[in-house]
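The following exchange examines how certain labels are assigned in a structural model. Each answer sets a value against the criterion that applies.

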Amino acid sequence: MFRGFFVKTISFVGYTVQYGCIAHCAFEYIGKFVSCSGPSMEPTITNHDVFFSERVSRHLCRIQKGDIVIAKSPFDPKMNICKRVIGLEGDKVCTSGSSDVFKTHTYVPRGHVWLEGDSLQNSTDSRSYGPIPYALIRGRVCLKLWPPHSFGILAESPNNGRIL
């Protein structure tokens with residue numbers, strides 16, 4: 001009697017560990033569900049929208065201009081940020097505001113990306129902290145899941161002349 005219980009318990013623990021490993025690999029290398037908050041990506045993303053963020057593009061170096069990405073914050077590694085890729089390595093990007101008389105530009109260094117929020121006046125992004133290393137990108141937002149009325153693939157937003 002005790003032996004049967006022991007065998008079932010060990011079997012259950014074994015299956016639990018296996019499924020846990022499979023889930024970990026799926027979330028680490030394929031993608032995961034993400035909820036975004038804050039005004040920096042409005043109107044594309046509003047508070048508490050839920051997305052699927054795929055990680056395959058990051059591993060294959062397939063991140064492109066216009067993609068919305070989830071990245072580790074350069075200021076706080078415990079926090080993630082959600083921004084749009086404006087420039088890739090070698091690109092010349094405008095760093096001044098739209099109302100500035102004198103325009104300033106910078107080049108994105110090798111192995112880095114330039115990220116900005118869609119709502120420029122409400123976003124702390126590469127204009128504040130500079131280009132971020134490609135390695136900080138955690139995934140590419142590809143599918144909006146919530147709210148239900150806006151379910152679907154995210155459309156690209158115009159860059160408003162910020163890529164030169």
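**Cores, cysteines and a pocket**

The model is predicted, and its largest nonpolar core has 11 residues: Ile63, Val69, Ala71, Ile81, Val85, Val113, Leu115, Tyr129, Ile132, Tyr134 and Ile137.

Q: Which strands each supply at least two residues of this core?
A: Strands β3 (68–72), β4 (80–87) and β7 each do so. A second, separate core has nine residues, among them Met41, Ile68, Ile70 and Cys82.

Q: What does leucine 115 touch, not counting residues up to four places away in sequence?
A: Leucine 115 touches Val69, Ala71, Ile81, Val85 and Ile132, and also Lys83, Arg84, Asp125 and Ser126.

Q: Why is glutamate 116 called buried?
A: The relative accessibility of glutamate 116 is 2%, and buried means under 20%; glutamate 116 therefore counts as buried. Its place is in strand β7 (residues 112–116).

Q: What makes the pair formed by the side chains of glutamate 116 and tryptophan 114 a polar contact?
A: The distance given for the contact between these side chains is 2.8 Å, and the criterion asks for a pair of N or O atoms within 3.5 Å.

Q: How many disulfides does the rule give?
A: The count comes to zero. Cysteine 21 is in no disulfide, with the nearest cysteine sulfur, that of cysteine 25, 6.7 Å away; the criterion is a pair of sulfur atoms within 2.5 Å.

Q: Why is cysteine 36 not bonded to cysteine 82?
A: The sulfur of cysteine 82 is the closest cysteine sulfur to that of cysteine 36, but the distance is 3.6 Å. A disulfide needs the two sulfur atoms within 2.5 Å, so this pair is too far apart for a bond.

Q: What places cysteine 21 and cysteine 36 in their accessibility classes?
A: Cysteine 21 has a relative accessible area of 46%. Partly exposed lies between the limits of 20% and 50%, so cysteine 21 is partly exposed. Cysteine 36, at 7% relative accessibility, counts as buried, because that class means under 20%.

Q: What is the volume of the largest pocket, and which residues are closest to its centre?
A: The volume is about 380 Å³. Of the 24 residues that line this pocket, the closest to its centre are Ser37, Ser40, Asn80, Ile81 and Cys82.

Q: Which elements give two or more residues to the lining of the largest pocket?
A: They are β1 (31–36) and β4. Strand β4 gives the most, with four residues.

Definitions and conventions. Residues are numbered from 1 along each chain as its sequence is written. This is a predicted model: local features need pLDDT of at least 70, side-chain atom pairs count only at pLDDT 80 or more; totals for chains, interfaces and linings use all residues. Side-chain values use heavy atoms; hydrogens and water are left out. Buried means under 20% relative accessible area, exposed over 50%, partly exposed in between (1.4 Å probe, protein chains only). A polar contact is a pair of N or O atoms within 3.5 Å; within protein, one must be able to donate a hydrogen and the other to accept it, and residues adjacent in sequence count only if both atoms are side-chain atoms. A nonpolar core is a set of buried Ala, Val, Leu, Ile, Met, Phe, Trp, Tyr and Cys residues joined through side-chain atoms within 4.5 Å. Contact means heavy atoms within 4.5 Å. On a 1 Å grid over the protein atoms alone, a cavity is a set of points where a 1.4 Å probe fits but cannot get out, and a pocket is an open set with protein on both sides within 12 Å along at least five of seven lines; lining residues have an atom within 4 Å of a point. Grid points are joined across faces, edges and corners, and a volume is the space filled by probe spheres set on the points.
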